[in-house]
Amino acid sequence: MVAEPAARILVASNRGPVSYSRAEGGTLTAKRGGGGLVSGLSAVGGDAVWVCAALGDADREAVQRTGGRLDPADSGGQTVRMLDIAPDTFAAAYNGVANSVLWFVHHLLYQTPVEPVFDAAFRRQWAAYELYNAAFADALAEEAAEGAAVLVQDYHLCLVPGMLRERRPDLRIGHFSHTPWAPPDYFRLLPDDIARQLLRGILGADRAAFLTRRWADAFTACCTGLLGEPPATRIGVHGLGADAGFLRERSHRPDVEERLAGLREQTGARRKVIVRVDRTELSKNIVRGLHAYRELLTERPQWRGEVVHVAFAYPSRQDLAVYRDYTAEVARVADAINTEFGTAGWQPVVLHVKDDFARSLAAYRLADVALVNPIRDGMNLVAKEIPVVSDDGCALVLSREAGAYEDLGEHAIVVNPYDVTGTADALHEALSMEPGDRAERTKRLAAAATALPPQQWFLDQLDALSPQTR
């Protein structure tokens with residue numbers, strides 16, 4: 001049974017601050033997550049509830065054992081209500097709609113001669129997406145105190161604000177989009193009724209917020225074009241920054257020092273290092289980044305033996321075939337570069353595919369050049385984190401299609417993510433940069449990157465929902 005509604009602040013997201021795994025013998029082990037939301041919610045204390053979905057069998061078992069209200073000790077003291085949504089419904093909503101349709105639309109990823117195809121099978125998946133959103137709306141309505149503030153997160157839960165408004169008109173509701181928002185012409189790939197339903201779902205909030213003004217303007221343009229008028233819902237922009245204090249402390253712990261020594265041994269002490277740290281999302285553009293590095297070595301042979309590309313490509317969404325194929329292509333291209341250019345004493349690409357946060361931080365410290373070249377990205381915190389912890393300063397090669405470009409573009413070397421030759425030229429420019437120039441750029445990048453740390457980012461959204469500004 002759910003306790004009497006008491007929460008004054010609620011957060012809703014697909015992934016919560018804790019996940020579970022099952023050990024031999026059936027013991028459940030909790031692992032606390034990280035990120036901006038976890039840091040942000042810690043700023044408001046105990047009068048808050050986080051509503052999330054069970055993502056796997058161990059999570060579902062934890063829900064069954066606890067009734068859905070998890071032990072706060074498992075989640076850093078936060079009150080978490082985890083929803084055991086039917087696995088088939090969850091899979092259709094999460095993989096079928098959120099990740100295979102909405103993600104592709106907002107990141108402009110479709111090969112339009114052959115996809116998308118919105119047929120009867122898609123309509124069944126869309127019905128699951130509606131059920132999934134309704135489960136969140138029901139839980140939030142049950143948990144929220146009178147007049148509570150509810151912050152709904154991302155493209156998984158676009159329908160929740162409108163559904164929750166019907167259930168609890170007293171609530172103050174915000175929706176935050178962590179992805180880009182598609183321009184109207186691309187958003188119109190969606191069936192008209194579903195495109196309008198998505199917009200009206202978000203417009204059920206008092207306030208819809210985005211990571212950059214560009215994404216906010218695209219949402220407004222979609223509302224005007226498809227609904228016939230600009231949104232009455234207030235629009236906000238909050239550009240999430242890096243958590244400087246945490247990153248600087250965490251990046252000097254013994255496990256990071258150990259991994260840093262290992263990376264230096266792999267790369268060679270005298271060589272320059274280009275670093276990228278990504279999940280193998282199709283939007284991250286890892287393959288073109290590798291092709292640009294290959295062109296650098298081909299057209300500027302002076303860099304052969306003098307530079308190493310440390311590429312962390314952590315597998316993502318491997319339950320989808322297109323992501324498995326992309327991950328395999330990353331490995332294939334990296335191997336091809338090493339075969340073509342490698343020597344007994346020099347491995348041009350050092351590729352790591354096993355997720356290791358400490359090793360990522362070690363690479364941040366080691367980087368002479370950071371390559372962040374997404375096709376399209378809501379923000380991209382890697383671009384903001386590397387300058388904060390870099391030991392000797394790094395030059396940032398940054399896609400103009402990353403949300404981080406708005407904050408960092410002035411001090412970065414900016415590239416068109418589709419232009420492999422232009423990216424190769426940018427890598428050469430970054431590698432050739434004088435140490436003093438690189439150090440000064442890094443200082444400015446770090447200042448811009450930390451201007452809105454996670455706790456302030458969260459509190460600003462909460463303040464914008466206060467009764468005085470509603």
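T112 is a good place to enter this predicted model: the residue is found in the loop between α3 (87–106) and α4. With a relative accessibility of 48%, T112 counts as partly exposed, because exposed residues must lie over 50%. Setting aside residues up to four places away in sequence, T112 touches Y186 and L189. The second of these partners, L189, is 77 residues from T112 along the chain, yet their C-alpha atoms are separated by 9.1 Å.

From that loop we can move on to helix α4 itself, which spans residues 120–143. Its packing against two other helices is set out here.

| Helix pair | Angle | Axis separation |
|---|---|---|
| α4 and α5 (residues 160–167) | about 45° | 9 Å |
| α4 and α7 (residues 192–203) | about 15° | 13 Å |

Let's take α5 first. At about 45°, α4 and α5 are oblique to each other, and α4 passes α5 in a right-handed crossing. On the α4 side, E130, N133, A134, F136, A137, D138, L140 and A141 take part, meeting V160, M163, L164 and R167 of α5. Sorted by class, this contact has eight nonpolar, one polar and three charged residues.

How do α4 and α7 lie relative to each other, roughly parallel or roughly antiparallel? They are roughly parallel, because their angle of about 15° falls under 35 degrees. Here α4 passes α7 in a left-handed crossing. The residues of α4 that meet α7 are F122, R123, W126, Y129 and E130, and their partners in α7 are D193, I194, Q197 and L198. By class, the contact of α4 with α7 has five nonpolar, one polar and three charged residues. E130 is listed in the contact with α5 and also in the one with α7.

Two of the residues met so far lead on to the nonpolar interior. The largest nonpolar core has 165 residues, and F136, W181, F187 and L198 are those with the most contacts inside it. Of these, F136 belongs to the α4 side of the contact with α5, while L198 belongs to the α7 side of the contact with α4. Leaving out residues up to four places away in sequence, L198 touches L102, W126, Y129, C158, L159, F187 and L190.

One more loop residue is worth a visit. H238 sits in the loop between β9 (234–237) and α9 (244–250). Is H238 buried or exposed? H238 is buried, because its relative accessible area of 7% is under 20%. Beyond its neighbours within four places in sequence, H238 is in contact with F176, R207, A209, F210, L211, L452, W457, D460 and Q461.

How values were computed. Residues numbered from 1 in each chain as written. Predicted model: local features only at pLDDT ≥ 70, side-chain atom pairs only at ≥ 80, totals over all residues. Heavy atoms only, no water. Core = buried A, V, L, I, M, F, W, Y, C linked by side-chain atoms within 4.5 Å. Buried < 20%, exposed > 50% of the residue type's maximum accessible area, 1.4 Å probe, protein only. Contact = heavy atoms within 4.5 Å. Axes fitted to C-alpha atoms, helices over the stretch in contact; angles between N-to-C directions. Helix = DSSP H or I, 4+ residues; strand = E, 2+ residues; numbered from the N terminus. Parallel < 35°, antiparallel > 145°, perpendicular 65-115°, else oblique. Left-handed = near helix turned anticlockwise from the far one by under 90°. Nonpolar A, V, L, I, M, F, W, Y, C, P; charged D, E, K, R; others polar.
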